[in-house]
Amino acid sequence: MRQHYFLYILLITCVCTNPLMAQQRFTVLSYNIENAFDTIHDEGKNDHEYCADGERKWNQRRLFQKLNGVCKVIAAADEKHPIDLIGLCEVENDTVMQYLTRRTPLSNIGYRYLMTHSQDDRGIDVALLYSPFTFHPIENQSIKPAAKKQTTRDILHVAGTLNNGDTLDVYVIHLPSKRGGSEGQKLSMSICQQLQAHTDSVRAARQHPNLLVMGDFNAETNSQQLKLLTRSHHLIDRTAKLQPGTYKYQGEWSILDHILTHTTTLSHQQTRILTLPFLLEKDSPNGGEKPKRTYLGPAYKGGISDHLPVVATFQIK
């Protein structure tokens, strides 16, 4: 792990001193980091189980073990080049993001972040970590779900420029869980329709539109939600047909986490699911392996997440 961080610090020095070399390669990571709560209750939010006196006995030691694990993932995802953009799901608030960017080894890299502040019942949000050496935000906004009487995550939209001067519009999304049944599916489709309308307006406004959408869709490639966003090649799902999957339920893998693109500036090279050994554990009841999550029910397991991260590598034209 220390070797990864040392290489990472060395690489960021190269980025600073040689921006031409940095702009040739552009790497994106999407990761649901499973209930990254701080230990303090937020008024009006159902976060009690992750408070210091909650039933899960959540504390700062466990939180920082998770956050240091996220650092390890970021470092191991690409040992030759720092990750340029990192979309995170299930982050509670600015406190968690400040811990991640300022009080872990990531503080040596210089990452900055933007995030939503949604009306989600549990208080979880989405965030974008970005390297200020390779991505330069010019505006950002939270796109709130239009459906009335629904409290779920906003979509984060960040428009920024790459080192070649082209604009890249980035969206980080965390759609409602499948556990919501038919109502959850309706809300999920409604949010995707909003996203489609927003990306359509961006495409119309930009002379050379470059779109990147990533996050936890709680839906697979063949779902109505993904078909809506990818029809007519508006967006290409870079995670379709990858193995084994990003989430495992009752022994079955599925791809719930996606990276979608519509771009002429970024030439797609490769997309992969990270199956690093420290992210997995044996799946005793079903065979094979499964993501090593932080909790299984009330039992603390000490893993990072119940999802696996997805990494996409591009070349800047």
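Me: I'm looking at helix α5. How many residues does α5 have, and how far does α5 reach from its first C-alpha to its last?

Reply: α5 has 25 residues, and its end-to-end C-alpha reach is 36 Å, close to the 36 Å expected at 1.5 Å a residue. Keep in mind that this is a predicted model.

Me: Which residues of α5 are buried?

Reply: Quite a list: Gly184, Leu187, Ser188, Met189, Ile191, Cys192, Leu195, Gln196, His198, Thr199 and Val202. To read the spacing in a list like that, here's the general idea. An α-helix has 3.6 residues a turn, so residues three or four places apart point the same way.

Me: What do the buried residues of α5 pack against?

Reply: They pack against the strands β5, β6, β7 (167-174) and β8 (211-216), and also against helix α6 (224-230).

Me: Now for charges. How do I read a salt bridge, and how many salt bridges does the structure hold?

Reply: The general idea comes first. Side chains of opposite charge can pair when their charged atoms come close. In this structure there are eleven salt bridges.

Me: Let's stay on α5 for a moment. Which side chain meets Lys186 in a salt bridge?

Reply: That's Glu183, with 3.7 Å from N to O. The two sit three residues apart in helix α5 (residues 181-205), so about one helical turn separates them. As for the surface, Lys186 counts as exposed at 55% relative accessibility, while Glu183 is partly exposed at 45%.

Me: And away from α5, what does Asp154 pair with?

Reply: Asp154 forms a salt bridge with Lys144, and their closest N and O atoms are 2.9 Å apart. Both partners lie in the loop between β5 (135-143) and β6 (155-162), ten residues apart, and the pair links distant parts of the chain.

Me: Is Asp154 buried or exposed? And what about Lys144?

Reply: Asp154 has just 3% relative accessibility, so it counts as buried, the cut-off being under 20%. Lys144 is partly exposed, with a relative accessible area of 46%.

Me: Which residue forms a salt bridge with Lys248?

Reply: Look at Asp283: the closest N and O atoms of this pair are 2.9 Å apart. Here too the bridge links distant parts of the chain, with Asp283 in the loop between β14 (280-282) and β15 (289-291) and Lys248 in strand β10 (residues 247-249), 35 residues apart. Both Asp283 and Lys248 are buried.

Me: Last one: which residues do salt bridges with shared partners join into one network?

Reply: Find Glu34, Arg293 and Asp306 in the model; shared partners tie these residues into one network of salt bridges.

Methods
Residues numbered from 1 in each chain as written. Predicted model: local features only at pLDDT ≥ 70, side-chain atom pairs only at ≥ 80, totals over all residues. Heavy atoms only, no water. Salt bridge = Lys/Arg side-chain N within 4 Å of Asp/Glu carboxyl O. Helix = DSSP H or I, 4+ residues; strand = E, 2+ residues; numbered from the N terminus. Buried < 20%, exposed > 50% of the residue type's maximum accessible area, 1.4 Å probe, protein only. Expected span 1.5 Å × (residues − 1). Contact = heavy atoms within 4.5 Å.
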